[in-house]
Amino acid sequence: MTATISPRSGAQDVQYDAFLSYSHAADGQLAPALQNAVQRFATPWYRLRSLHLFRDQTGLSASPGLWAAIEAALSDATWFVLFASPDAAASVWVEREVSWWLAHRDHRHLLIVVTDGTFEWGAGGDSPARARGSAVPDALAEALPEEPRWIDLRWARSADHVDARDPRFREAAADLAATLRGMPKDSLIGDDIRQHRHGRRLAIGTIVVLTVLALVVVGLVVVATREQATTQGERTVRAASSMIVEADAVRSRDPRTALQLGVAAHRLDPTPQTEAALVESLTTPFLAELAGHKAPISDIAWAPNGTHFDTADDAGRVIIHELVGQDSARPIGLPIELGAPAEHLAFTSDGTRLAVTAAGRAELVELSGERRISSARLPGPTDLLASTPSGDPIIVVDEQLLRWDRSGEMTTETLAGAGNVDRAALSSDGRLLATASRSSGVVLWDVNGPPHRLGVVTPTASEGTLPVFAPRQPRLLVGSEDGTVAQSDITNPRAPGLLTPPTRVVERTLLELKVSNDGRAQAAASIDGSISLTTSSETLQLRAHRTAPLALAFSPDGTRLLSGALDGALILWDTGPGRGPVLATLDPVSHKGALLTMAVPRTKNGPLATGDNDGVLLWDVPEPGRLARRPGRISVPGAVLALALGDDDRMLAVGTTTGRVSIWDLTAPGGPRQRREIAVPGLHVYDLEYFPDGRTLVAAGDDVGVQLIDVATGAITALPHPGKPHTVLVTPDARRLLVSDNLTNTFVLWDVTDRQRPRVAANIASGHDTATVEAMAFARTATGTLLVSAGREGKLVLSAFDDPDHARELGEIDTARRVQTRADSAALLALTISPDGRTLAAAGEEGPIGLWDIADPSQPRQIGAPLRELQGQVYGVGLLPDGLTLVAGGQDEHIAAWDLRPIAELRRTAIATACRRTGAPLAAAEWDRLAPELKYRDTCTS
């Protein structure tokens, strides 16, 4: 249970009268204006302010840990003032700040200023009173036992600017100032009037004094110039920090702006921390916004080979685009001008021709010469234009089915009883047609020959009903305007059966629905501008459009999605199985048994060792991402649970389920040779660790305890450890031993300077939620020694370990939310850190392997999507000494290796890649808002 800290309690002096929490996007102008008005209200002329309010733009100094700085400010504040708006309610940072205050401070010291949206307080039926409305953050909704104090400033949203002289604005400032200063409002307003009159009398005298001071200022210019360089550097770091905070806040809803902010921050302050933030923005699904259209996009069609695609708009313009690399495209030739709003596009099966419908006409265009080879008049607007496997376009207009052959002849057939068709879909094999109409519902037709009616999928349909066939599967998806999608089994199209009831895929009106050719991904566009992307492993909300997306199209291989919107914007998305840098891996190699543990070499050419139920295998890594198994196997009695390589990779220690530790010489002629076998108390040796000098080995386990083994003699010194030790680490200075104790959920730090007389130096909180710590690792970073631990609750804890007796938690990663696919089975079993302390990898029961950049341990940043090549539990992960190869293995009896060079390349080219995707640097207005003290720079060219 978290203790509540009363305001102004404890020995530490409170530095801030109030902490201001707000959304930069919604209240970037209102918050500083109100802050200034409150601080200056009834303040004598000779004082800067009567109140000290914290706002991130004024109170946040340069710090490698942004949340740590904000948390310190929260701790030092007496009051919490929330600028409530829908943008603030959606902000990750505002949610986090509100949650902290409610957990650590008195809710009666919470003030709310409503600037937009709805804010209500009341009870419904027998329910307790609660805050509700679009401006209420989730953390606040049910956390308050009584109605908080709040001020309504929603009128200021429609004002051109906030004038401090406006009576309504001064009234709001007086309300806040009176509460914060603990004074009656009437008395405070009287003081303000008196101070104003006194200030006028002093004005003339002040002018005289300022004239004299001006002469003094001239003399101070020389001193100020000398300090300018230092001040400029501090301003630059502060501005970069603000841009990173803003990028984190908008990344999920505006990835393009997040990229621009990341570029600007990294240009201003080129550190690993700003680089990591930029790389995180580069690993979102957003790839590029493409130019070319100004009118609403009506349709998008990919060529069968996936190398190019065509887009059409309501102005009658069709543009042919060619993919360039993985994240860009360019127009080919001149646009095709139709002279009327385009309706639908479809490539012929060979990709050489494009069929277009517009204003009652159909055109067939030969793409090689961009010439129209056939034209036909249609009886009305088209409901469907598709291409059959034979290559002939097929068109649906109301109750008519039109087939268009390559000679230009068009035949018309009747869909008797189809009604006034609103939308239609053709199956990938060209045999089935689905039509949707308000009069007949959703109907299936056999169009392999003369069309005839088969079965009714749903008896009713609205104008917005969307039938979509699942490629290569006997399924039909039916989307509805209310944002739901139902699936039907059409194995027998005469009697379709419901597979899944209507399931909500978007919150607002559904405008478009598409399924990738491989059936792996489904995309749904909403009128609110968002796109819901669903795959077998996750559901993502793609947000970058400023207006409603009207058209969607997957690339033939399903790795790209194009979306076109009402304002003509075209966005290219990454929908492949792995977002971010493409990490090459060969097919996982058979391990001849479940891989239970792994020891990573310490030197460049050392072997990788893996253990299973029958012994140990040795592997070489001839190049990044490739494994080569050495012949033979080290046989030991029992299953291998622990392995350790000495610093020179010559000696290998093996721990088993028989309570035996054996030591093997890997350089002996003829193959590995056993040098010693030691019997330890108990049976299960869960962990082994060499001291750097190679003379002492540590063995640990729940029933083994902690044993120091003299490698030369086999002598054992038992540590009197009272709990259940599970994993061990030798500290980098080799003077202490860190042991995870699963009985007390702590780390026990042993002083082993004298290895014959070890003693407990400290007991340290593990930071895990009463869960077994399965793995630990030290890393040397630019800021000191870092400890990372992984627990069965699915959490990674990162702690500063420069002072081992007082380890300090810096940050954590909840992999149950960010890596695993099921929150109820998220135990972490293995972790590894790259030699440079920059990259962290972890995996566990569900198999996906997550990668993080931990340049800033207080803000770990995930690198791309989790790696999913292995199935089942992963028991071992390792980053090799070159930092370019990741290896992992586990329950599925395979071992895999990934080439990590694309991550290094993405870091090296981060700015160039981001600028290519956005097409423009951060706008001057955004720069001035976040870095008002710095002159604007085009950060994509400078």
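**Figure 1. Leu354 of β15 and its bridge partner in β16, Val365.** This is a predicted model, in which local features need pLDDT of at least 70 and side-chain atom pairs count only at pLDDT 80 or more, while totals for chains, interfaces and linings use all residues. Residues are numbered from 1 along each chain as its sequence is written, and side-chain values use heavy atoms, with hydrogens and water left out. Strands here are DSSP runs of E with at least two residues, helices are runs of H or I with at least four, and both are numbered from the N terminus. Two strands pair if DSSP finds at least two bridges between them. By that rule β15 pairs with β16 (residues 361-366) in the antiparallel sense, over 6 bridges. The hairpin of β15 and β16 has 2 residues between the strands, and Ala359 takes a positive phi near 50 degrees there.

**Figure 2. β15 with β14, its other antiparallel partner.** Strand β14 (residues 342-347) meets β15 over 5 bridges, and Leu354 turns up again, as the bridge partner of Phe347. These two strands form a hairpin as well, with 5 residues between them. In the turn, Gly351 has a positive phi of about 75 degrees.

**Figure 3. The two covered faces of β15.** In a regular strand the side chains alternate between the two faces of the sheet. On one side of β15 sit Arg353, Ala355 and Thr357, on the other Leu354, Val356 and Ala358, and all are buried. Put as a count, 6 of the 6 residues in β15 (residues 353-358) are buried. Buried means under 20% relative accessible area, exposed means over 50%, and partly exposed is in between (1.4 Å probe, protein chains only).

**Figure 4. The disulfide of Cys915 and Cys940.** The structure holds 1 disulfide, the term being used for a pair of cysteine sulfur atoms within 2.5 Å. Here the sulfur atoms are 2.0 Å apart. The torsion about the S-S bond of Cys915 and Cys940 is about -95 degrees, so the disulfide is left-handed. Cys915 lies in helix α14 (residues 910-918) and Cys940 in the segment after α15 (924-930), so the link ties together parts that are 25 residues apart in sequence. Cys915 counts as buried at 12% relative accessibility, whereas Cys940, at 24%, counts as partly exposed.

**Figure 5. Salt bridges from strand to strand, starting with Arg403 and Glu413.** A salt bridge is a side-chain nitrogen of Lys or Arg within 4 Å of a carboxyl oxygen of Asp or Glu, and the count comes to 42. Arg403 and Glu413 meet at 2.8 Å, N to O. This pair links distant parts of the chain, with Arg403 in strand β20 (residues 400-404) and Glu413 in strand β21 (residues 410-414), 10 residues apart. Arg403 is partly exposed at 23% relative accessibility. Glu512 and Arg423 form another salt bridge, their closest N and O atoms being 3.1 Å apart. Glu512 belongs to strand β30 (residues 510-515) and Arg423 to strand β22 (residues 423-426), so this pair ties together parts that are 89 residues apart in sequence. Glu512 is buried, with a relative accessible area of 9%, while Arg423 counts as partly exposed at 27%.

**Figure 6. The salt bridge of Asp574 and Arg560.** The closest N and O atoms of this pair are 3.3 Å apart. Asp574 is in strand β36 (residues 570-574) and Arg560 in strand β35 (residues 560-565), 14 residues apart. Both Asp574 and Arg560 are buried.

**Figure 7. Ser555, in the loop between β34 (549-554) and β35.** Ser555 is buried, with a relative accessible area of 2%. Its side chain makes a polar contact of 2.7 Å with the side chain of Asp557. A polar contact is a pair of N or O atoms within 3.5 Å; within protein, one must be able to donate a hydrogen and the other to accept it, and residues adjacent in sequence count only if both atoms are side-chain atoms. A polar atom of the Ser555 side chain also lies 3.4 Å from the backbone nitrogen of Thr559. Leaving aside neighbours within four places in sequence, Ser555 is in contact (heavy atoms within 4.5 Å) with Trp302 and Arg560.
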